[in-house]
Amino acid sequence: MTLEVPEGRTTTFPKAPLIALDTLWLQVAGTVCNLACTHCFISCSPTNHSHEMMSRREVERSLAEALPLGVKEFYLTGGEPFLNPQIFEILEALLKEGPVTVLTNGILILKRQAAKLGALSESSDYSLDLRVSMEGFDAATNDPIRGAGTFDKIVAGILNLHEARLNPVITVSGAMNDAGAAASRERFLAFLRGLGLDRPRLKIMPLLRLGAEEKRTRGYAAWESLQGVTLDDSAARSLVCSSGRMVTSKGVFVCPILIDSDTARMGVTLADGLRPFELSSRACHTCYVDGLSCRT
């Protein structure tokens with residue numbers, strides 16, 4: 001992937017084509033979360049209702065539209081998905097049609113919930129993945145970002161999943177200093193092995209300078225933009241927006257990152273989103289330049 005900036009940079013932005021609609025994202029918890037992380041790019045919290053939770057009926061309506069369009073896998077996010085009282089019914093419906101990944105902070109995954117997830121996974125022909133977010137390998141690094149006492153609760157959730165024979169993907173963002181450094185990765189993997197995860201799975205995510213993160217550190221600078229950039233085929237295919245769309249209680253958005261952007265709302269139905277999207281958001285710079293992938 002290369003940045004090609006023409007001499008005398010233009011005012012135009014590249015457009016990402018929708019090459020194939022493979023992936024459906026569902027904001028099942030809206031923007032309601034049991035935490036208020038200081039780096040959250042959509043500022044989720046217990047009181048943020050800018051997007052509401054989705055019911056099983058709403059999810060099934062999106063599913064019925066998605067399958068004929070070629071969707072093959074599903075991602076559930078929020079907010080915190082396990083706040084949705086119908087989350088297990090939603091998972092059961094989706095797992096009949098394809099692999100599912102749930103993005104969670106893990107705190108609400110007690111032993112009973114983990115056992116139910118294990119049973120769903122065992123009974124499905126498709127995979128069920130849990131992505132558990134944390135910001136460090138100890139409370140001193142995690143809790144200033146995610147809240148006092150959260151580290152121990154997240155670890156408990158990870159252990160409950162492990163006991164239920166599920167191997168979660170642990171995601172860490174750039175809010176943890178040197179998260180992407182080789183030494184940090186090795187220390188994190190060693191920490192996870194110490195918990196008993198013999199095959200730890202770790203995903204490092206770059207920071208998105210939107211929402212709460214703008215107040216914690218900074219927003220995007222003027223130079224962090226794809227204005228004047230030429231998007232080649234290889235780069236286009238690497239972007240989540242070239243093969244996926246996000247559905248929330250407010251309609252269809254281009255991707256899970258930009259649900260607070262009016263320009264990223266593509267319409268009411270998935271059919272409305274079957275078109276290219278202009279990469280004029282500052283966050284598009286992170287996806288393209290830092291190689292951010294929301295997929296597992």
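Glu213 and Arg216 join their side chains in a salt bridge, with N and O 2.8 Å apart. This pairing belongs to a predicted model, for which the count of salt bridges comes to 12. The points below treat selected salt bridges and then the largest pocket, which has a volume of about 210 Å³.

**Salt bridge within helix α7**

- Both partners belong to helix α7 (residues 212-216), where Glu213 and Arg216 are three residues apart and so separated by about one helical turn.
- Glu213 has a relative accessibility of 0% and therefore counts as buried, the cut-off being under 20%.
- Arg216 is partly exposed, its relative accessible area being 31%.

**Salt bridge between strands β7 and β5**

- A salt bridge also links Arg201 to Asp129, and their closest N and O atoms lie 2.8 Å apart.
- Because Arg201 is in strand β7 (residues 201-205) and Asp129 is in strand β5 (residues 128-133), this pair ties together parts that are 72 residues apart in sequence.
- Arg201 is partly exposed, with 27% relative accessible area, whereas Asp129 counts as buried at 16% relative accessibility.

**Further salt bridges**

- The side chains of Arg218 and Glu224 form a salt bridge with an N to O distance of 2.9 Å.
- In this pair, Glu224 is buried, with a relative accessible area of 7%, while Arg218 counts as partly exposed at 34% relative accessibility.
- Three residues, Arg56, Glu60 and Glu89, are connected in a network of salt bridges.
- Side chains of opposite charge can pair when their charged atoms come close.

**Largest pocket**

- The largest pocket has a volume of about 210 Å³, and of the 14 residues that line this pocket, Arg61, Ser62, Val247, Thr248 and Val268 are the closest to its centre.
- Elements giving two or more residues to the lining of the largest pocket are α1 (56-66), β8 (244-248) and β9 (251-253).
- The most is given by α1, which supplies four residues to this lining.
- By residue class, the lining of the largest pocket divides into five nonpolar, five polar and four charged residues.
- Rolling a probe the size of a water molecule over the atoms shows where empty space is left.

Key. Residues numbered from 1 in each chain as written. Predicted model: local features only at pLDDT ≥ 70, side-chain atom pairs only at ≥ 80, totals over all residues. Heavy atoms only, no water. 1 Å grid on protein atoms, 1.4 Å probe; cavity = no way out; pocket = protein on both sides within 12 Å on 5 of 7 lines; lining within 4 Å. Points joined across faces, edges and corners; volume = space filled by probe spheres on them. Nonpolar A, V, L, I, M, F, W, Y, C, P; charged D, E, K, R; others polar. Salt bridge = Lys/Arg side-chain N within 4 Å of Asp/Glu carboxyl O. Buried < 20%, exposed > 50% of the residue type's maximum accessible area, 1.4 Å probe, protein only.
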